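Thanks for coming. I will go through a few places in one structure, one after another. Please keep the picture in view while I talk.

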Amino acid sequence: MKGDFELLERDGLARICRLETGHGVVETPALLPVINPNRKLLGATEMRRLFGTQMVITNSYIISRTEGLRERAVREGVHGILGYDGPVMTDSGTFQTHVYSDVSVDPAGIVAFQKSIGSDVATVFDVFSEPDFTREKAAEAVATTSARAAKAASAGGGGSLIAATVQGGIYPDLREQAAREISSTGADYFSIGGVVPLMEGHRFGELADVIVASKKGLAPGRPVHLFGAGHPQMLPLAVLLGCDIFDSASYVKYAYDGRMMFPEGSFNLAEIRHSWCTCPVCTSATADELRGMEADERVLNLAKHNLYTLSSEIARIRQAIHDGSLWNLVESRARGDPQLFDAFARVLSHRRYLERFEPLSRKSGIGFVDSLTASRPDASRFAERAGAVRPGSGDKVAIITGERQYFTHFDSTSRAPDEDAASLTPLGIFPLALTETYPLSQSSYSASVRAAEKPGEYAARFGYSAVRTVEGKWRRNGRQQARESSADQARAVCEYQFGPGAARALLAGRMEYARSRNTGKLRGISSEGRQILFFRTEDGLFSLKFHGGEILHGALPPPAMRVVCLPDAVPFVSSGRSLFTRFVAEADDGILPGNECIVVDGNDTLLAVGRALLRREEMLSFGKGVAVDIREGRNSSLSSQQPEGMK
Ligand SMILES: [Zn+2]
C-alpha cells in the first residue's frame with residue numbers, strides 16, 4: 001500500500017527499508033538525483049538504467065513559475081514532463097528562499113499544485129532556518145513550519161505522500177521539539193532541513209548534532225530525508241545516524257565547476273594526472289581526454305562520474321548495514337578528514353542515545369584502532385555491562401595477562417578452589433567466562449588499545465581479598481584448552497545478556513551443560529531435564545528456548561523482557577509464526593534490537609520466545625514488518641522443541 005514503510009535490515013540506527021510510493025518501491029538508503037526541469041542534463045529513465053536510481057526529485061516551485069512548463073505539468077503530470085514512470089518527489093521552493101531572499105510562495109497552493117501534478121512525495125513549504133538564526137528566529141521558523149505541516153497532513157495527500165520538514169537551526173532542543181511536532185501531524189515522510197549551509201561549511205559536527213536531535217523527536221516508523229546533503233563524504237555518517245534518503249544537486253553543480261566527487265572528497269579535473277577511478281566514464285576517457293572535450297560533453301561525463309560515485313557509495317553503505325560493519329566504515333572515513341573526524345567524536349558524545357539501538361552482537365567484529373574506537377557505543381556498553389559481572393563467588397581472583405590475552409584460556413588445574421578467573425583484555429578486565437562473547441574474540445586490536453583499569457583496582461571493586469596475575473598461554477587449538485567451567489560461563493553470559501536476576505532464575509535448578517564434541521564449546525543448557533538455553537558459538541550469547549522463557553516469565557515481573565501481542569495474532573505467535581508490528585500492543589523499553597524476548601498476551605500469558613528485531617518505540621511506530629522473529633511458540637510442533645544442541 002502507498003506509504004508503507006518496512007524495515008528489512010538494520011545496523012544500530014542505520015537501516016535498510018522499503019518505501020512504497022504510487023509509482024513503485026524505493027529501497028533505502030537511497031539517493032535522489034535532483035533534476036532541473038528547465039535544464040535536464042540526464043533523464044530519470046537513463047539514470048535508472050545507468051546508476052540504479054529509484055526515485056528522483058524535481059522542484060515544483062520552478063515548474064509552477066515557468067510558463068509553458070506549468071501547463072504541461074498540469075496536463076501530463078510531473079512524470080510526463082520528466083518522461084519517467086518511477087517515483088518522483090517534488091520540493092516546494094523552500095530552498096529557493098534560502099538562495100534568493102525575494103521568493104513568495106503560497107504555502108497551501110504549492111502543496112495543492114504538487115498533488116495536482118501527481119508528485120509521489122509532495123513537500124510542505126517550510127521556513128528555512130539558517131545556522132546563524134537567533135534562537136527566537138529559529139523558534140519562529142519551527143512554529144510556522146509545524147503549523148503548515150499540520151494543515152497539509154490533515155488535508156491528506158491523495159496520491160502523494162506528504163513530506164514535512166524539521167527546522168530549528170543549530171538548536172538541538174528546538175530540533176527535537178520540531179521533530180515531535182511534525183511526527184504528531186501524521187505526515188508520511190520526514191525531512192531534516194536547513195542543513196545545506198552546514199554541509200557547505202564542512203560543519204559536520206554541528207550537522208551530526210542536528211541529525212541526532214531530530215531523530216530523537218521523530219517517530220521511527222517513517223522515512224527520514226536529509227535535505228541537500230548528497231555528498232558521498234557525508235553519506236555513511238548520516239546513514240549511521242538514521243537518515244534514509246538523500247538528494248543531490250551537487251552531482252551536476254560540481255560537474256559544471258569541473259569537480260569530481262569521490263568518497264574521500266572532491267577533486268578538480270584540472271589537477272588530475274593519474275586517474276584512478278574505475279567507473280565507466282573514467283575507464284573510457286583519460287583525464288586529459290575529459291579536459292579536451294567540448295564543455296557540454298565534459299559536463300555530462302563529469303555528472304555521470306559523480307552519479308557513479310554516489311550510487312556506488314550507497315551500495316557500499318547498504319552492504320555495510322547488511323554485514324554489520326557501518327561503524328567500521330564511518331570510522332575509517334572519519335580518520336581521513338579532520339572535520340569528519342570531529343563529527344565522529346561528536347557522534348560518540350551521544351552514545352547513551354545511540355546504544356539504545358545498538359545490538360549486543362554483529363556479524364562483523366570491530367577493528368579497534370585506539371581508545372576512540374573503544375568508545376563506540378557498542379564497545380563501551382560491552383565494557384560497562386561486562387565490567388559489572390563478578391567472575392564468580394570466590395574470595396580471590398587470578399587475572400590472566402599476556403600478549404594475546406583476549407584469546408587466552410587458563411589452565412584451571414592451577415587454581416585454588418576459592419579463586420575466580422578474569423582476563424585482562426584491551427577493553428578492560430572481564431570474567432574469563434566472557435572471552436567468547438562478542439566483541440572480545442570476534443574483533444581485532446591494535447597494540448595502542450589498552451585497558452585502563454589495574455588488577456588491584458579490579459580486585460578492590462569486587463571485594464576480592466587477594467589478586468595475582470598469571471601469564472596466559474595462547475594455543476590455537478581450542479580443544480586442548482582448559483576453560484572456565486560451564487556453570488561459570490553460563491552464569492557470566494546470562495548476567496551480561498539478561499541481567500543478574502534473570503541469570504539467577506535461569507540457572508537455579510538441576511543443571512546440565514552440553515559441550516560440542518568437535519570444538520569443546522558450550523552448546524545446550526538444560527534445567528530439570530528440559531533445554532532452556534542454546535549457546536551461539538558465533539557471538540558467545542544465548543538463544544532462549546521456550547522453557548527458558550517460562551522460567552524468565554515466572555521470575556521477572558512485567559514488563560521485563562516482554563512484548564505484548566494483540567488478540568488477533570495470539571494463535572499465530574503461539575504456533576511459532578513471526579509477530580508483526582501491527583499486532584504489538586506494548587513492549588519493554590529495555591529490549592535491545594537483536595536480543596531475546598518473550599511474547600505474552602494482554603493477560604501476561606506466555607505465548608512464545610524469540611528475537612526482537614526492533615526497539616519498543618519502533619515496534620509501536622512501524623505499520624509494517626516483523627517485530628519479533630519467533631523461535632518457539634507454546635504450540636510449536638514438538639519436533640521443534642527437541643534439544644538440537646544436546647547431541
Ligand atoms: Zn569515474
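Find I399, and across from it you will see A422, which sits in β16. This is a predicted model, so please keep that in mind throughout. Strand β15 covers residues 396-401, and strand β16 covers residues 419-425. The two run parallel and are joined by five bridges.

Now the sheet around them. In what order do the four strands of this open sheet come? The order is β17-β16-β15-β19, and the pairing is mixed. At the edges stand β17, residues 428-431, and β19, residues 466-471. Each of these two has a single partner strand, so one of its sides has no neighbour in the sheet. If you ignore direction, neighbouring strands here are turned against each other by 30 degrees on average.

Next, the zinc ion. Which protein atoms are its donors? They are SG of C277, SG of C279, SG of C282 and ND1 of H305, at 2.0 to 2.3 Å from the ion. The angles among the four donor atoms are 105 to 115 degrees, and the site is tetrahedral. For reference, the ideal angle for four tetrahedral donors is 109.5 degrees. Along the chain, the donors have the spacing C-x1-C-x2-C-x22-H. C277 and H305 are 28 residues apart, so to speak of this pair is to speak of a link between distant parts of the chain. C277 is in the loop between β13 (265-268) and α12 (280-284), while H305 is in helix α14, residues 295-323.

Are these two buried or exposed? C277 counts as buried because its relative accessibility is 15%, and the cut-off for buried is under 20%. H305 is also buried, because its value is 0%.

Another covered place is helix α19, residues 377-387. Eight of its 11 residues are buried, which leaves the helix mostly covered. Among the buried ones are P377, D378, F382 and G387. The list also includes R381.

Last, T53. Where does it lie? T53 is in the loop between α1 (44-51) and β5 (56-59). Its relative accessibility is 6%, so T53 counts as buried. Leaving out residues up to four places away in sequence, T53 touches P33, M47, R48 and Y84. With M47 there is a polar detail: a polar atom of the T53 side chain lies 3.4 Å from the backbone oxygen of M47.

That is the end of my part.

Terms used: Residues numbered from 1 in each chain as written. Predicted model: local features only at pLDDT ≥ 70, side-chain atom pairs only at ≥ 80, totals over all residues. Heavy atoms only, no water. Buried < 20%, exposed > 50% of the residue type's maximum accessible area, 1.4 Å probe, protein only. Polar contact = N/O pair within 3.5 Å; in protein donor to acceptor, adjacent residues only side chain to side chain. Contact = heavy atoms within 4.5 Å. Donors = N, O, S within 2.8 Å, 3.2 Å for Na, K, Ca; no water. Tetrahedral: all angles 85-135°; square planar, octahedral: opposite > 155°, others 65-115°. Pairing = 2+ DSSP bridges. Axes fitted to C-alpha atoms, helices over the stretch in contact; angles between N-to-C directions.
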